[in-house]
Amino acid sequence: MVASMRMRNKLVTTLISTVIMLFAVALPSMAAVHWVSPTGTAAWGNCVGTTALSGTAACSLATANSSAAAGDTVYLRGGTYNLGGGSGIQPTHSGSSPSAMITFQAYTGETPTLTGGSDPFWLSGVSYISIKGITVSGSFASTWGRIDNGGNHNEIAFSTFISTSGGGPTMLITGASNQKWATHNWIHDNHFSVSGQANGDAGKGCTDGGGDVLNIGVSQGAYNNSADNDNNNTVENNFFEHAPHANWDNYGMYSVFRNNIVHNEPWSPGCPSYTNSPTYTNTAYNGMFAHRNFQITEDYNRTGTFVLVEGNRSGYAGVNNANDGADGFSLAAPQNLVRYNFFFAAMNPGLMFKYYWSAGPNSGGHGGTYNRVYNNTFYSNGNGYPWGHTCGLSTCPWPQGNISLYSGASGEGNVLKNNLMYLSTAYTYWKSDVMDKGSPSNGWSEITGGVANNWCTGTQTSTGGAPGGGSGCTAYGDPKFTNPDISNPASKTLPDLSLQASSPAIDGGTNLTTATNSGSNSTTLTVADALYFQDGTWGSDLAKVSAGLGGTMQADWIAIGSVKNVVQIASITYGAYNNPTGTIKLASPMTWNSGDRIWLYKKSDGAVVLAGAAPDYGASEYTAGGTTTGPTAPTNVQVTVQ
């Protein structure tokens with residue numbers, strides 16, 4: 001009996017030990033607050049606690065990089081962190097979820113400045129890292145920060161990136177080198193500023209061949225991959241001023257670019273060799289160059305990239321020294337959603353459909369085709385560069401319209417609907433707001449997916465032998481903007497292209513698509529064209545309402561049959577690029593008839609865009625209270641014009 005009791009006690013002791021060991025393995029160390037300073041020397045266990053530490057009592061950044069664990073918050077005290085040629089924030093470990101990230105954050109009211117290294121941050125193969133409130137300044141040998149080698153679910157926010165040497169470093173988000181893709185990263189509320197002299201192919205001061213400020217993915221020729229799967233990244237609420245090439249380019253799928261403010265007027269002086277004359281209406285720009293505002297690119301012969309471009313303010317794209325790439329937005333990828341953006345005061349078009357279907361890998365892929373472009377506002381594009389429509393070179397004159405096409409085939413499958421276009425150099429000289437780049441000539445007839453119900457400057461005419469002529473305009477004239485002042489490129493709020501109460505553009509829009517089935521208390525809706533909508537799965541998971549981090553990304557709401565019969569989308573099954581019928585699953589049961597009209601009711605941030613009997617023309621929906629829906633201004637904006 002004694003032996004039996006001893007055996008029972010031994011089993012109980014073993015069981016208790018096993019449970020303790022399991023808990024020790026399963027439970028992470030308690031999350032803690034740690035302190036880092038430029039002169040920190042303390043051990044990790046000594047720089048912890050809720051009482052702020054500084055100087056040598058804090059840890060070094062290197063100690064934090066090797067020691068921080070899931071749930072930890074690392075406060076960076078103010079001062080200059082000279083990285084000595086190495087990388088700055090480069091954690092060894094990952095966080096574990098949106099609620100247990102490793103956070104590197106500026107201490108309240110202080111400015112930690114990282115300078116003098118190869119990369120101010122390098123998130124290689126790590127996930128759930130949050131970097132907030134840092135300043136990156138000076139020269140960096142490699143990048144402005146990189147996320148690679150499978151780095152995912154990381155956040156870069158409320159930070160400032162400044163180059164006074166003409167740019168060069170690019171913030172790089174890609175896993176293309178080893179096909180360990182960088183996904184679900186969230187870049188928001190940052191300030192990017194470039195000044196000084198760019199370093200292009202033709203030398204210092206030139207902007208041909210200069211770098212981009214932000215790249216998601218890379219061109220096909222970089223590593224000869226069959227695709228770029230740096231997917232589901234979100235870039236929103238940032239302020240971009242100036243870029244040697246573009247402020248961003250994107251090669252991944254399901255990316256989201258929302259509510260960014262971008263300007264890139266001529267800023268880089270001293271280019272020794274140029275084709276384009278650096279002479280402008282605003283003589284303060286004379287002798288300087290710039291480039292386009294932003295681009296999304298396919299380049300791999302994929303039939304769609306499904307990128308959402310929504311709520312951005314793109315202004316003042318400038319001329320480079322060697323070609324006519326002064327576009328507000330170069331759309332060089334198929335099957336994307338471009339809506340509720342403002343494109344204004346570019347020196348060439350506000351939007352260009354670039355390349356064409358079957359351009360080929362590393363040559364544009366399937367180009368800017370089969371896109372849905374609706375409810376955008378285009379104002380005074382082709383502005384400020386008179387040489388563009390008078391030059392005698394073989395590449396001139398420039399189209400300088402509100403929208404242009406790279407070639408006669410660039411309009412394939414694209415749809416323009418409910419857009420508002422007012423004033424452009426192209427209309428002044430050729431009486432068309434949509435221009436083919438080549439002749440130039442009226443480009444409306446080249447947009448084959450459908451042009452319907454757009455507001456234009458005036459009656460559009462066919463020039464230069466364009467086939468068919470005609471247009472997709474249903475209304476013309478002054479739309480009565482609130483304040484169309486374009487004198488200050490650095491302004492976050494001007495021009496104010498919202499509509500006055502007396503605007504004839506109010507309630508002038510039309511439905512986007514129609515139902516192809518009937519439903520009675522049903523959640524399955526089939527539609528003639530599903531690509532007008534998104535179901536909340538695009539972009540980073542961190543940016544979604546459900547993550548609880550302050551993001552607003554969500555599925556669209558639609559109205560079916562009546563503008564008051566509204567419901568949120570649960571999921572979408574898209575059709576083929578050339579047969580866009582699709583199936584929309586609804587979040588709650590609804591009743592409708594086949595053929596019923598369908599409108600967008602709320603866009604991806606939950607803002608109502610159908611306040612009246614019909615949508616308005618353009619990007620800003622007028623409401624009865626006299627307010628309008630438009631992009632949310634970034635919260636970390638420090639305007640620097642040099």
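1. Let's start with the pocket. In this predicted model, the largest pocket has a volume of about 290 Å³. It is lined by 20 residues, and the ones closest to its centre are W186, H188, L549, G550 and G551. Two elements give two or more residues each to this lining: β8 (129–132) and β14 (186–188). If you have the structure open, W186 and H188 are a handy place to begin, as both are among the residues closest to the pocket centre.

2. What is the make-up of the pocket lining by class? Polar residues account for 9 of the lining positions, charged residues for 6 and nonpolar residues for 5.

3. On to the disulfides. By the distance rule used here, with the cysteine sulfur atoms within 2.5 Å, the model has 4 disulfides. A disulfide is a covalent bond between the sulfur atoms of two cysteines. If you number the bonded cysteines along the protein chain in sequence order, they pair as 1-2, 3-4, 5-6 and 7-8. Three of these bonds are described in the next points, including the one between C47 and C59.

4. The bond between C47 and C59 has an S to S distance of 2.0 Å. The torsion about this S-S bond is about -90 degrees, so the disulfide is left-handed. C47 and C59 are 12 residues apart, and each of them sits in the loop between β1 (33–36) and α2 (61–67). Are these cysteines buried or exposed? C47 has a relative accessible area of 0%, so it counts as buried. C59 is buried as well, also with a relative accessible area of 0%.

5. C391 and C396 form another disulfide, with an S to S distance of 1.7 Å. Here the torsion about the S-S bond is about -120 degrees, and the disulfide is therefore left-handed. The cut-off for buried is under 20% relative accessible area. C391 falls on the buried side because its value is 8%. C396, at 11% relative accessibility, also counts as buried.

6. Next comes the pair C456 and C473, whose sulfur atoms are 2.0 Å apart. With a torsion of about -75 degrees about the S-S bond, this disulfide is left-handed. The bond links distant parts of the chain: C456 belongs to strand β41 (residues 454–456) and C473 to strand β42 (residues 473–476), with their positions 17 residues apart in numbering. C456 is buried at a relative accessible area of 0%. C473 counts as buried too, at 11% relative accessibility.

7. Now for a sheet that is worth tracing by eye. How many strands form it, and in what order? There are 6 strands in this open sheet, in the order β45-β50-β47-β48-β49-β46, and the pairing is antiparallel. At the edges stand β45 (513–514) and β46 (519–527); each has a single partner strand, so one side of each is left without a neighbour in the sheet.

8. Within that sheet, take a look at β48 and β49. Strand β48 (residues 566–573) and strand β49 (residues 582–592) run antiparallel and are joined by 4 bridges. To find the register, start from S571, whose bridge partner in β49 is K585.

9. The backbone has a few points to check as well. A cis peptide bond joins L494 and P495, with omega at about 0 degrees. P495 is found in the loop between β43 (481–483) and β44 (496–499).

10. Which phi value does H242 have? Its phi is positive, about 80 degrees, although H242 is not a glycine. H242 is placed in the loop between β20 (239–241) and β21 (248–250). With a relative accessibility of 1%, H242 counts as buried.

11. Q400 is another residue with a positive phi, about 50 degrees, although it is not a glycine. Where does Q400 lie? Look in the loop between β34 (377–381) and β35 (403–405). Q400 is buried, with a relative accessible area of 0%.

Note on methods. Residues numbered from 1 in each chain as written. Predicted model: local features only at pLDDT ≥ 70, side-chain atom pairs only at ≥ 80, totals over all residues. Heavy atoms only, no water. Pairing = 2+ DSSP bridges. Buried < 20%, exposed > 50% of the residue type's maximum accessible area, 1.4 Å probe, protein only. 1 Å grid on protein atoms, 1.4 Å probe; cavity = no way out; pocket = protein on both sides within 12 Å on 5 of 7 lines; lining within 4 Å. Points joined across faces, edges and corners; volume = space filled by probe spheres on them. Nonpolar A, V, L, I, M, F, W, Y, C, P; charged D, E, K, R; others polar.
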